[in-house]
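Visitor: I should like to learn how to read a helix and a ligand site in a model of this kind. Where may we begin?

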Amino acid sequence: MNGKAHALRIEPQPWMIEPATQGVLAALAEGGAEARFVGGSVRDALLGRPIGDIDIATPAPPDRVIELLQKRRIKVVPTGIAHGTVTAIAGSPPRHFEITTLRRDVETYGRRARVAFDADWEADAARRDFTINAISLDPDGTVHDAVGGLADLQARRVRFVGDPATRIAEDVLRILRYYRFEARFGGGLGDSQARAACRVMAVLLFNLSGERVAQELVRLLGTADPARALQMMAEDGVLAVVLPEARRLDRLRNLTEIEPEPDAVRRLAALVDVDRAGAIALAERLRFANPVRDRLGGLTPPWGIDPSADIIAQRRALYRLGAERYRDIALLLAAEGAMSRQRLGELLMLANAWTPPAFPTSGRDVTALGVPPGPRVGELLDAVREWWEARDFGADREACLAQLRKLLAAEEQTS
Ligand code: ATP
Ligand code: MG
């Protein structure tokens with residue numbers, strides 16, 4: 001126990017001893033730089049959950065870290081050098097190690113901080129957002145818990161390090177991080193002091209860029225059960241600032257109970273109460289990429305599926321919407337209460353099992369029958385496609401061509 005009473009030590013985890021990690025640690029140790037695991041990987045490992053990127057902290061300044069890694073031929077990218085962060089990339093498949101120099105925030109203004117690299121481990125823990133994110137781990141597994149994160153982790157308490165209002169004033173993004181970590185690690189009604197501070201300071205979120213808001217919202221929506229944290233955000237007046245369209249928590253809650261897999265965009269569509277134009281405006285405000293914007297826009301009413309219609313109508317809807325959109329809409333309708341779980345199961349099965357056949361006729365077939373190129377070609381083709389769909393996609397090329405000739409003959413008779 002190293003003479004230290006009750007020092008907690010955990011069994012080194014596979015990610016701590018794998019060659020890539022050991023290589024990074026050895027590079028730092030060769031230069032005499034102390035190193036500890038910090039942040040999310042420590043927290044997740046203590047809970048026995050899978051870890052993401054590995055965060056490492058060290059007293060060595062960033063340029064020294066770069067030098068030591070390069071000496072060992074480890075790839076290093078100066079990702080956030082002003083904040084003291086460099087990223088080492090090692091292993092196969094490659095892992096990212098975010099290596100941050102112990103730091104203190106000298107001055108903070110909104111989202112930007114001026115930092116000093118003369119901090120000790122305690123100061124580094126003190127500048128982190130939540131106690132559960134401020135636990136550090138020696139390479140041998142010894143746990144350092146300066147701010148009581150372990151107890152909070154066990155009790156499912158997401159608690160700010162220090163005074164919540166002060167910490168939010170330093171960096172308003174922490175409001176959204178609070179609810180996201182609530183969703184992942186919290187329980188019950190959350191931390192009353194944290195929530196009181198978020199409530200008072202929610203208006204500051206208007207200063208945050210659309211991208212930052214979007215990034216946090218999408219991550220929150222991707223958690224196993226976002227509804228509880230979103231409910232808190234609604235009660236605390238936070239949701240009204242960042243996502244005023246979020247008026248359908250009930251539908252989101254239902255969706256999370258019936259969806260086969262979580263999907264942040266589909267969940268967002270369930271949460272917001274908008275028409276197509278509203279969805280596009282929302283997506284543009286949050287600076288979503290165009291494919292995400294279009295997908296969200298396609299998941300608004302009117303929805304294009306009638307759950308009670310027969311299988312031929314379902315196949316037509318599936319053909320027109322495409323399998324992904326059909327599944328999304330079926331799930332949203334079920335979350336809305338528009339169909340039973342059993343009916344949803346049937347429609348999802350249909351969408352998974354059925355591949356629409358290719359329409360066997362083209363514009364060339366129309367012109368080959370003497371119709372001059374022009375809008376008339378498309379109109380005739382659409383008419384044949386309608387007919388083909390209504391016959392449940394069973395008509396082959398010959399039958400479609402016969403139908404085309406029939407339409408043309410009928411046209412000639414009336415003209
Ligand atoms: P995730 O699993 O989402 O990556 P994480 O805890 O690793 O969780 P990161 O955003 O990767 O979160 O940040 C790593 C660590 O840096 C956090 O655990 C926290 O200690 C600290 N941190 C990150 N953002 C902030 C912030 N805005 N204010 C204070 N500390 C922060
Ligand atoms: Mg992380």
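Guide: We may begin with helix α19, bearing in mind that this is a predicted model. The buried residues of α19 are L344, L347, L348, L350 and A351.

Visitor: How are the buried residues of α19 arranged when seen down its axis?

Guide: An α-helix has 3.6 residues a turn, so residues three or four places apart point the same way. In α19 the buried residues fall within an arc of 155°, so they line one face of the helix. The face turned away from that buried side carries the exposed residues Q342, M349, N352 and A353.

Visitor: Which elements do the buried residues of α19 pack against?

Guide: They pack against α13 (249-258), α17 (311-321) and α18 (323-336).

Visitor: What span should the 13 residues of α19 have?

Guide: At 1.5 Å a residue, residues 341-353 should span 18 Å, and the end C-alpha atoms are 18 Å apart, which agrees.

Visitor: Let us turn to the ligand. How many residues surround ligand 1?

Guide: Ligand 1 is surrounded by 14 residues, the closest being R43, N133, D171, R174 and R177. A polar side-chain atom of D171 lies 2.9 Å from a nitrogen atom of the ligand. A backbone N or O atom of N133 lies 3.0 Å from an oxygen atom of ligand 1, and one of D129 lies 3.2 Å from a nitrogen atom of ligand 1.

Visitor: How much of the accessible area of ligand 1 does the protein cover?

Guide: The protein covers 75% of the 590 Å² that ligand 1 has on its own. The elements that give two or more residues to the shell are α3 (39-46) and α8 (173-185); α8 gives the most, with five residues.

Note on methods. Residues are numbered from 1 along each chain as its sequence is written. Chains are lettered from A and ligands numbered from 1 in the order in which they are written. This is a predicted model: local features need pLDDT of at least 70, side-chain atom pairs count only at pLDDT 80 or more; totals for chains, interfaces and linings use all residues. Side-chain values use heavy atoms; hydrogens and water are left out. Helices (H or I, at least four residues) and strands (E, at least two) are DSSP runs, numbered from the N terminus. The expected span of a helix is 1.5 Å times one less than its number of residues. Buried means under 20% relative accessible area, exposed over 50%, partly exposed in between (1.4 Å probe, protein chains only). The arc is that of the directions from the helix axis to the C-beta atoms. Contact means heavy atoms within 4.5 Å. A residue is near a molecule or strand if one of its heavy atoms lies within 4 Å of it. A polar contact is a pair of N or O atoms within 3.5 Å; within protein, one must be able to donate a hydrogen and the other to accept it, and residues adjacent in sequence count only if both atoms are side-chain atoms. Accessible areas come from the Shrake-Rupley method with a 1.4 Å probe; for residues, only the protein chains shown count as cover.
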